Structure formats: C-alpha cells, structure tokens
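User: Got a model I'd like to go through with you. Can we take it residue by residue?

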Amino acid sequence: MTKKLCILQAAMKEADWARLQPAIKGHYDVSGDGNMIFCKGVMEEVSHNAVVKPLLWLFRPLEALVPFNGVNIGCEVTHIATDSSLLFNRVFKRQDGKKVNFNSKLKLHNGELVEFIKGGLGMRLNPTTDPDGSLRMESLGYVLWLGPVSLYIPSFLVPFGNAVITETSVTPTTTRMGYVSTHPLLGRTMGYTGTFKINKAKLA
C-alpha cells in the first residue's frame with residue numbers, strides 16, 4: 001500500500017522535498033488520521049512590537065499567537081495528522097509558570113499550503129528548500145475561509161505583514177526554527193527563534 005504524502009511534501013516540488021535535510025523531514029513527515037509527532041524545545045526569543053500587541057490579545061479567544069515578549073520560553077508541540085491537515089498544538093510556558101496555547105492547522109487549500117487558525121483566517125505559504133537543505137516558507141498573503149467562500153487579503157492590509165519562516169537541522173533529531181514578520185509601514189512586527197527536539201512519533 002502506497003504511503004500517503006504528508007502535507008508539506010504534497011505542497012512542495014519533488015526536487016525540493018528530496019533536498020530537504022532529514023531532520024526537517026522528520027519534523028513534518030506524518031500522515032494518516034491520528035498519527036502524531038511530539039516535539040519539545042526552548043524559544044530563545046519571542047517578540048512583537050507595540051503596534052500589534054493589542055491585536056495579539058484579540059486573538060486569544062482563537063488560541064492563536066503569543067501575547068507576550070520573552071526569552072528562554074519552554075515550548076511543547078504535538079503534530080497530529082488528519083486525512084486532510086496537520087494540526088499543531090503548542091503550549092508555551094514562561095519562567096513564571098504562565099502557560100499559553102497556540103493552535104493552528106496546516107492544509108492544502110485551493111492548491112496552496114495554508115496555515116489556518118480558528119475562525120478561518122490563514123496565512124498562505126510557499127515552501128522551498130535552500131541550497132543547504134534548510135526549509136524556507138515565505139508568506140503569499142492571507143485568506144479568510146468562510147465555507148464555500150475564500151477571501152484573499154494582501155499582506156499589506158494585515159498589520160502583521162509578510163512572514164518568513166526558516167528551519168534548519170542541528171542534529172539528526174533537532175531543528176532550529178525562526179520566524180520574522182515585517183510590514184512595509186510598521187517595520188518588524190513579530191519574531192521568534194527556537195530549537196526543538198523531535199522526541200517520538202506515535203502511530204494511531
């Protein structure tokens with residue numbers, strides 16, 4: 001029986017997936033309903049500017065984004081595969097013990113890779129592989145998915161702006177991730193860096 005492609009592989013060009021570093025493949029290579037990957041790491045930096053701070057609190061009911069700045073923030077992530085998406089259940093834990101959940105799902109939507117949060121707002125992503133085999137995902141704008149209707153929104157109309165997500169391997173089971181979003185008028189709006197160990201995979 002042919003193995004179903006994971007969401008990231010299905011969204012990438014075959015040559016890009018083939019060149020991707022093995023540790024990064026292991027971070028996303030899960031498919032089939034209920035299969036999971038567990039990751040644990042530390043966010044060396046989580047930051048946002050003053051302009052978007054009020055918006056981050058507005059997103060809290062949607063369990064999206066992280067509404068505080070900080071360093072050395074513990075983070076545990078569970079990747080859960082469904083037949084049509086990859087769910088990310090994140091738990092951030094500050095040094096003062098406060099925990100914040102940030103949940104989203106990665107799926108193919110109208111032929112594009114999109115990371116959605118609750119409410120149907122998603123970031124459209126273009127995944128590619130850099131010459132060294134690291135992963136790069138640049139945003140192509142946003143989409144609001146309302147059942148049969150998809151409303152496409154340019155990045156400059158959203159305060160967060162354009163995003164660039166990078167990931168590179170540190171060891172065969174550890175990767176380092178980075179995220180930066182920049183708006184043409186507001187400058188750098190958000191960013192993070194973190195290192196994660198892929199602890200284990202569980203098959204349903």
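Analyst: Here are some notes on single residues, the core and the cysteines. This is a predicted model, where local features need pLDDT of at least 70, side-chain atom pairs count only at pLDDT 80 or more, and totals for chains, interfaces and linings use all residues. Residues are numbered from 1 along each chain as its sequence is written, and side-chain values use heavy atoms, with hydrogens and water left out.

User: Where is His 48 found?

Analyst: In strand β1, residues 36-48. Strands are DSSP runs of E, at least two residues, numbered from the N terminus.

User: Is His 48 buried or exposed?

Analyst: Buried, because its relative accessibility is 11%. Buried means under 20% relative accessible area, exposed over 50%, partly exposed in between, with a 1.4 Å probe and protein chains only.

User: What does His 48 touch?

Analyst: Leaving out residues up to four places away in sequence, its contacts include Lys 53, Phe 68 and Met 190. Contact means heavy atoms within 4.5 Å.

User: Switching topic. How many disulfides are there?

Analyst: Zero, from a search of the whole structure. The cut-off is a pair of cysteine sulfur atoms within 2.5 Å.

User: Why no bond for Cys 39?

Analyst: Because the closest cysteine sulfur, in Cys 75, is 9.2 Å from its own, too far for a bond.

User: And how accessible is each, Cys 39 and Cys 75?

Analyst: Cys 39 is buried at 3% relative accessible area. Cys 75 is buried too, at 2%.

User: What about Asp 29, where is its place?

Analyst: In the loop between α3 (22-28) and β1. Asp 29 counts as partly exposed, because its relative accessibility is 31%.

How values were computed: Helices (H or I, at least four residues) and strands (E, at least two) are DSSP runs, numbered from the N terminus.
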